[in-house]
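Hi there,

Here is the structure I promised to pass along. Have a look at it first, and my notes on helix packing and the main pocket follow underneath.

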Amino acid sequence: MPRNALLLFSRLLLAALFVPSGFHALTDIAGTSGYFAGLGLPLPTLAAWATGLFELIAGLLILVGLNTSIMALLLAAFCIAAGFIGHYGQGGDDPMLTFMHSQMLMKDIALSGGFLALAMAGAGAYSFDGRIFRIDPETT
């Protein structure tokens with residue numbers, strides 16, 4: 001598969017997690033802030049709004065490929081922070097919950113790797129960045 005098509009596909013897959021997640025967080029602020037309160041975060045309602053907006057907007061920017069390298073770096077950092085805040089050491093005495101949280105932490109770490117690779121590669125020709133920087137789909 002050509003490089004630009006793979007970059008487009010990778011952006012679609014990464015955005016498929018963040019756009020719905022941000023939308024859900026914003027449409028269920030009470031639930032999202034309740035989760036954040038349970039983690040002991042200060043100002044959980046503000047954190048819920050900020051997280052939901054960030055996930056939605058950053059996900060949409062990755063989807064269309066606008067400011068891709070910057071957004072990918074921000075999302076890589078976000079994934080590491082979210083993984084350690086939301087999943088590290090969680091689960092208590094329940095082995096199933098402990099396993100689930102450790103898997104979610106590893107998922108967030110892996111997503112960070114994908115975002116770092118996207119930050120290095122750029123969005124490719126099939127993106128707003130490709131249009132702005134006049135990337136020729138035939139030469140890359």
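Helix α3 passes α4 in a left-handed crossing. This is a predicted model, so please read everything below with that in mind. The axes of α3 (residues 44-64) and α4 come within 9 Å of each other, at a crossing angle of roughly 140 degrees. Oblique is the word for how α3 lies to α4, because the angle falls short of the over-145 range that counts as roughly antiparallel. On the α3 side, the contact is made by Thr51, Phe54, Glu55, Ala58, Leu61 and Ile62. Their partners on α4 are Thr68, Met71, Ala72, Leu74, Leu75 and Phe78. Sorted by class, this contact holds nine nonpolar, two polar and one charged residues.

Next along the chain, α4 (residues 68-86) packs against α5 (residues 95-121) at about 165 degrees, with the two axes 8 Å apart. That angle is over 145 degrees, which means α4 is roughly antiparallel to α5. The crossing of α4 past α5 is left-handed. From α4, the residues that meet α5 include Ala72, Leu75, Ala76, Cys79, Ile80 and Gly83. Among those that α5 brings to the contact are His101, Leu105, Asp108, Ile109, Ser112 and Phe115. By class, the contact between α4 and α5 has 15 nonpolar, six polar and one charged residues.

The other pair to look at is α2 and α3, whose axes come within 8 Å and cross at roughly 120 degrees. Here the crossing is right-handed. Ile29, Thr32, Ser33, Phe36 and Ala37 of α2 meet a set of α3 residues that includes Pro44, Ala48, Trp49 and Thr51. This contact has seven nonpolar, four polar and no charged residues.

Now for the pocket. The largest one has a volume of about 630 Å³. It is lined by 23 residues, and the closest to its centre are Ser21, Tyr35, Thr51, Glu55 and Ala82. Which elements give two or more residues to the lining? They are α1 (3-27), α2 (29-38), α3, α4 and α5. The most comes from α4, with six residues. By class, the lining divides into 13 nonpolar, seven polar and three charged residues.

One residue to click on is Thr51: it takes part in the contact of α3 with α4, it meets α2, and it is among the residues closest to the centre of the largest pocket.

Happy browsing, and best wishes!

Notes: Residues are numbered from 1 along each chain as its sequence is written. This is a predicted model: local features need pLDDT of at least 70, side-chain atom pairs count only at pLDDT 80 or more; totals for chains, interfaces and linings use all residues. Side-chain values use heavy atoms; hydrogens and water are left out. Axes are lines fitted to C-alpha atoms, for helices over the stretch in contact, and angles run from 0 to 180 degrees between N-to-C directions. Helices (H or I, at least four residues) and strands (E, at least two) are DSSP runs, numbered from the N terminus. Angles under 35 degrees count as roughly parallel, over 145 as roughly antiparallel, 65 to 115 as roughly perpendicular and the rest as oblique. A crossing is left-handed if the near helix is turned anticlockwise from the far one by less than a right angle, and right-handed if clockwise. Contact means heavy atoms within 4.5 Å. Ala, Val, Leu, Ile, Met, Phe, Trp, Tyr, Cys and Pro count as nonpolar, Asp, Glu, Lys and Arg as charged, and the others, Gly among them, as polar. On a 1 Å grid over the protein atoms alone, a cavity is a set of points where a 1.4 Å probe fits but cannot get out, and a pocket is an open set with protein on both sides within 12 Å along at least five of seven lines; lining residues have an atom within 4 Å of a point. Grid points are joined across faces, edges and corners, and a volume is the space filled by probe spheres set on the points.
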